[in-house]
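Please look over the chain shown below, which is a predicted model. The report that follows treats its backbone, sheet, cores and salt bridges in turn.

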Amino acid sequence: MKKPISVLIADDNIELAGIIRTKFELEGGMIVKGIARDGLTAIQMINDLEPEIVILDIVMPNLDGIGVLERIREARPAQRPIIIVITAVGQDTFVRKAMELGADYFIMKPFDINILISRMKQLYDEKSNNMNALLDE
């Protein structure tokens, strides 16, 4: 049996974060390690909990999603999580900046949660396959 994919949700929308958590738990194969409601808490939780995937909102208090991406990039953790950015802000400059800073996928609110889950699993499988290929060399 495969181990569950560990996820951190970083979004100040408490209702949305709760819906995502519930759907992930019902889906199976994923475990939500925590929910951060601001960017500074997200950074701390990423460091402490080491999630494999971070669902990251761009607009958050204290430190926005772009700031979170910048800090993750500066820290260069050995096992950088897969980062999926979700936001209602669709300006090209935000999308481009997030991707430049290492976001792996970008999805606009409102979104179909089943598509989010599908992309998460796809990105996780791709990363796992790439890691296995490197270990085989």
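## Unusual backbone positions

Glu50 is exposed, with a relative accessible area of 60%. This residue sits in the loop between H2 and S3, and although Glu50 is not a glycine, its phi is positive, at about 50°. A further residue other than glycine with a positive phi is Asn62, where the value is near 70°; Asn62 belongs to the loop between S3 and H3 and, at 61% relative accessibility, counts as exposed. Positive phi also occurs after helix H3, which is followed by Arg76 with a value near 45°.

The peptide bond that joins Lys109 and Pro110 is cis, with omega about -10°, and Pro110 is placed in the loop between S5 and H5.

## The sheet

The strands form an open sheet of 5 members in the order S2-S1-S3-S4-S5, with parallel pairing. S2 and S5 stand at the edges with a single partner strand each, so one side of each of these two strands has no neighbour in the sheet. From one strand to the next, the twist averages 20°.

Within this arrangement, S3 and S4 pair in the parallel sense over 5 bridges, and Val54 stands opposite Ile83 in S4. Helix H3 packs on the sheet, where it touches S3 and S4, and the direction of H3 makes about 145° with that of S3.

## Helix H3 and its surroundings

Helix H3 spans residues 65-75, and its buried residues are Gly65, Ile66, Gly67, Val68, Leu69 and Ile72. These buried positions pack against two helices, H2 (39-49) and H4 (92-100), and against two strands, S3 (53-57) and S4 (82-87).

## Nonpolar cores

The largest nonpolar core has 23 residues, of which Phe24, Ile53, Ile55, Ile84 and Met120 touch the most other members. At least two residues of this core are supplied by each of strand S1 (5-10), helix H1 (14-27), strand S2 (30-36), S3, S4 and helix H5 (113-136), and the largest share, 6 residues, comes from H5. Apart from this core lies another, of 22 residues, which includes Ile43, Met60, Leu69 and Ile83.

Ile55 illustrates how the surroundings of one core residue are made up: leaving aside neighbours within four places in sequence, Ile55 is in contact with Val7, Leu8, Ile9 and Ala10, with Phe24, with Ile84 and Ile86, and with Leu116 and Met120.

## Salt bridges between distant parts of the chain

The count of salt bridges in the model comes to 6. In one of them the side chains of Lys121 and Glu27 meet, with an N to O distance of 3.1 Å; since Lys121 lies in helix H5 and Glu27 in helix H1, the pair ties together parts that are 94 residues apart in sequence. Lys121 is partly exposed, with a relative accessible area of 29%, and Glu27 is also partly exposed, at 35%.

Arg80 and Asp104 form a salt bridge in which the closest N and O atoms are 3.2 Å apart. Arg80 lies in the loop between H3 and S4 and Asp104 in the loop between H4 and S5, so this pair ties together parts that are 24 residues apart in sequence. Arg80 counts as partly exposed at 29% relative accessibility, and Asp104 is partly exposed with a relative accessible area of 28%.

## Asp57, Lys109 and Thr87

Asp57 forms a salt bridge with Lys109, the closest N and O atoms being 3.3 Å apart. This pair links distant parts of the chain, with Asp57 in strand S3 and Lys109 in the loop between strand S5 (105-108) and H5, 52 residues apart. Asp57 is buried, with a relative accessible area of 3%, and a network of salt bridges links Asp11, Asp57 and Lys109.

Both partners of that salt bridge are also in contact with Thr87, a residue found in strand S4. Thr87 is buried, with a relative accessible area of 0%, and, not counting residues up to four places away in sequence, Thr87 touches Asp57, Ile58 and Val59 as well as Phe106, Ile107, Met108 and Lys109.

Technical notes. Residues are numbered from 1 along each chain as its sequence is written. This is a predicted model: local features need pLDDT of at least 70, side-chain atom pairs count only at pLDDT 80 or more; totals for chains, interfaces and linings use all residues. Side-chain values use heavy atoms; hydrogens and water are left out. Buried means under 20% relative accessible area, exposed over 50%, partly exposed in between (1.4 Å probe, protein chains only). Helices (H or I, at least four residues) and strands (E, at least two) are DSSP runs, numbered from the N terminus. Contact means heavy atoms within 4.5 Å. A nonpolar core is a set of buried Ala, Val, Leu, Ile, Met, Phe, Trp, Tyr and Cys residues joined through side-chain atoms within 4.5 Å. A salt bridge is a side-chain nitrogen of Lys or Arg within 4 Å of a carboxyl oxygen of Asp or Glu. Two strands pair if DSSP finds at least two bridges between them. Axes are lines fitted to C-alpha atoms, for helices over the stretch in contact, and angles run from 0 to 180 degrees between N-to-C directions.
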